[in-house]
Amino acid sequence: MKALKRRVSYISLTFVAFFVLFGTFSFSNTKVSAETHNYDGKSPYYDDCAASGVTKKSLRINNSDGSYANLELKFSTKCKTAWAKITLSRPAKTNGEATALVVRNTDNKQYHCGSTGGNGEINIGQTSCYTPMVYDLDPRKSKAVGFWPFTRGETDWY
């Protein structure tokens with residue numbers, strides 16, 4: 001019985017040592033997959049970030065009926081954040097007719113107009129929506145993606 005206990009202890013210690021060494025060598029340089037920043041997920045109006053907002057990238061999305069949407073990637077020079085905004089040339093005819101998405105390149109963090117911190121998807125009678133912000137200081141880059149019935153567009157990275 002003592003020999004069995006010693007063998008089990010030896011095997012347990014071997015596994016513990018293996019996982020400690022494996023963890024030390026394999027995971028010590030692993031990059032964190034998601035970043036967390038104070039401004040991530042906040043409204044552009046949080047801390048007055050929108051007041052210094054400038055359009056860094058834009059794109060016109062054309063619809064088959066002659067209407068269009070302007071998709072913008074906005075950037076706050078004060079907060080170093082980015083967010084997406086989409087504006088239709090006419091009021092929406094259906095609920096959830098259009099939305100925008102902001103995407104950060106370093107961790108693929110994404111928010112859409114309906115996310116907490118955004119103002120909701122474009123519904124009947126409305127013409128625009130914006131997303132929450134992502135922190136966007138170099139080396140990070142972000143882009144805006146717009147969705148409108150049967151149409152999709154995206155800006156370049158900034």
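Contact, as I shall use the word this morning, means heavy atoms within 4.5 Å. The model is a predicted one, in which local features need pLDDT of at least 70 and side-chain atom pairs count only at pLDDT 80 or more, while totals for chains, interfaces and linings use all residues. Residues are numbered from 1 along each chain as its sequence is written, and side-chain values use heavy atoms, with hydrogens and water left out.

Let me start with the overall architecture. The protein chain holds 1 helix and 9 strands; helices (H or I, at least four residues) and strands (E, at least two) are DSSP runs, numbered from the N terminus. Along the sequence, the pattern reads α-β-β-β-β-β-β-β-β-β. Of the 158 residues in the protein chain, 37% are buried, where buried means under 20% relative accessible area, exposed over 50%, and partly exposed in between, with a 1.4 Å probe and protein chains only. About 9500 Å² of the protein chain is exposed, and carbon and sulfur atoms supply 56% of that area; accessible areas come from the Shrake-Rupley method with a 1.4 Å probe, and for residues only the protein chains shown count as cover. Taking contacts between residues at least 6 apart in sequence, 59% join residues at least 24 apart.

I turn next to the disulfides. How many does the structure hold? There are 2, a disulfide being a pair of cysteine sulfur atoms within 2.5 Å. Counting bonded cysteines along the chain, the pattern is 1-2, 3-4.

One disulfide joins Cys49 to Cys79, with an S to S distance of 2.1 Å. The torsion about this S-S bond is about -90°, so the disulfide is left-handed. Cys49 lies in the loop between helix 1 (2–27) and strand 1 (53–62), and Cys79 in the loop between strand 2 (68–76) and strand 3 (81–88), so the pair ties together parts that are 30 residues apart in sequence. Cys49 is buried at a relative accessible area of 0%, and Cys79 is buried at 2%.

The sulfur atoms of Cys113 and Cys129 are likewise bonded, 2.1 Å apart. Here the torsion is about 70°, so this disulfide is right-handed. Cys113 sits in the loop between strand 5 (110–112) and strand 6 (128–130), and Cys129 in strand 6, 16 residues apart. Both Cys113 and Cys129 are buried.

Now to the nonpolar cores. A nonpolar core is a set of buried Ala, Val, Leu, Ile, Met, Phe, Trp, Tyr and Cys residues joined through side-chain atoms within 4.5 Å. Which members of the largest core touch the most other members? They are Ile86, Leu88 and Ile122, in a core of 19 residues. Strand 2, strand 3, strand 4 (99–104) and strand 8 (142–148) each supply at least two residues of this core, and strand 3 gives the most, with 4 residues. Beyond its neighbours within four places in sequence, Ile86 is in contact with a set of residues including Ile61, Leu71, Ile122, Cys129 and Phe147. A second, separate core of 6 residues includes Tyr39, Trp83, Tyr130 and Met133.

I close with Thr155, which is placed in the segment after strand 9 (151–154). Is Thr155 buried or exposed? Thr155 is buried, with a relative accessible area of 5%. Leaving aside neighbours within four places in sequence, Thr155 is in contact with Lys57, Ser58, Leu59, Leu71, Leu73, Lys143 and Ala144.
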